[in-house]
Amino acid sequence: VGHSSPKLFEAISYKVAEKLVAFNSQEIANTVWAYATVGHSSSPELFDAISHTAIKKINTFNSQELANTVWAYAKIEYYSCPKLFDAISHAAIKKIDTFNAQNIANTMWAFARARHSSPKLFDAISHKVMEKLDTFN
């Protein structure tokens, strides 16, 4: 985008933190995705708060929200939340049949980037990739 508006994102982070408990899974995923997309990684309190809230609501996340959330944390190189990666791994395994090629690619990239091991997730994804191989470009 070329313009990250750090002061704006910092101000928004305080408001988000106040209202985070009421956020649904899409709002959580969209928020952390937006911060990562503009490269704003200087709100560790917000990322911690989002992580804790996401873990509590992880079973409400769909495949895209799981993939976008873990992608965002890896994109901003915020790895102080291994419990979030673990929770996403468990939820992703349960919902692996709903993952499309993009969700799979983003999730695998994020776990690799974070160097967060999850053999059961990797096995589930490898089986799903074999089924969906023709859909990858």
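**Figure 1. A salt bridge between R113 and E77 in the predicted model**. The side chains of R113 and E77 meet in a salt bridge, with a distance of 2.3 Å from N to O. R113 belongs to helix 6, whereas E77 sits in the loop between helix 4 and helix 5, so the pair ties together parts that are 36 residues apart in sequence. R113 has a relative accessibility of 38% and therefore counts as partly exposed. E77 is also classed as partly exposed, because its relative accessibility is 47%. Side chains of opposite charge can pair when their charged atoms come close.

**Figure 2. The salt bridge of D97 with K128, and the network around it**. The closest N and O atoms of D97 and K128 are 2.8 Å apart. D97 is found in the loop between helix 5 and helix 6, and K128 in helix 7, so this salt bridge ties together parts that are 31 residues apart in sequence. D97 is exposed, because its relative accessible area of 60% is over 50%. K128, in contrast, is buried, because its relative accessible area of 6% is under 20%. D97, K128 and E131 are joined into one network by salt bridges that share partners.

**Figure 3. A salt bridge within helix 1**. K15 and E18 form a salt bridge in which the closest N and O atoms are 3.8 Å apart. Both residues lie in helix 1 (residues 6–19), and they are three residues apart, about one turn of the helix. An α-helix has 3.6 residues a turn, so residues three or four places apart point the same way. E18 is exposed, with a relative accessible area of 55%. The count for the model comes to four salt bridges.

**Figure 4. The aromatic pair of Y35 and F47**. A search of the whole structure finds eight aromatic pairs. In the pair shown here, the ring centres of Y35 and F47 are 6.0 Å apart and the ring planes stand at 90°, so the arrangement is edge-to-face. The pair links distant parts of the chain, with Y35 in helix 2 (residues 25–38) and F47 in helix 3, 12 residues apart. Y35 and F47 are both buried. These two residues also belong to one aromatic cluster, formed by F9, Y35, F47, Y73 and Y78.

**Figure 5. The aromatic pair of W71 and W109**. The rings of W71 and W109 form a tilted pair, at 6.5 Å centre to centre and with 35° between the planes. W71 lies in helix 4 and W109 in helix 6, so the pair ties together parts that are 38 residues apart in sequence. W71 has a relative accessible area of 18% and is therefore buried. W109 counts as partly exposed, because its relative accessibility is 33%.

**Figure 6. Helix 5 and the helices that cover its buried residues**. Helix 5 runs over residues 82–94 and has 13 residues. From the first C-alpha to the last, helix 5 reaches 19 Å, which is close to the expected 18 Å. Its buried residues are L84, F85, A87, I88, S89, A91 and A92. What covers these buried residues includes helix 3 (44–57), helix 4 (63–75), helix 6 (101–114) and helix 7 (119–132).

Methods
Residues are numbered from 1 along each chain as its sequence is written. This is a predicted model: local features need pLDDT of at least 70, side-chain atom pairs count only at pLDDT 80 or more; totals for chains, interfaces and linings use all residues. Side-chain values use heavy atoms; hydrogens and water are left out. Helices (H or I, at least four residues) and strands (E, at least two) are DSSP runs, numbered from the N terminus. The expected span of a helix is 1.5 Å times one less than its number of residues. Buried means under 20% relative accessible area, exposed over 50%, partly exposed in between (1.4 Å probe, protein chains only). Contact means heavy atoms within 4.5 Å. Rings of Phe, Tyr and Trp (its six-membered ring) pair if their centres lie within 6.5 Å; planes under 30 degrees apart count as stacked, over 60 as edge-to-face and the rest as tilted.
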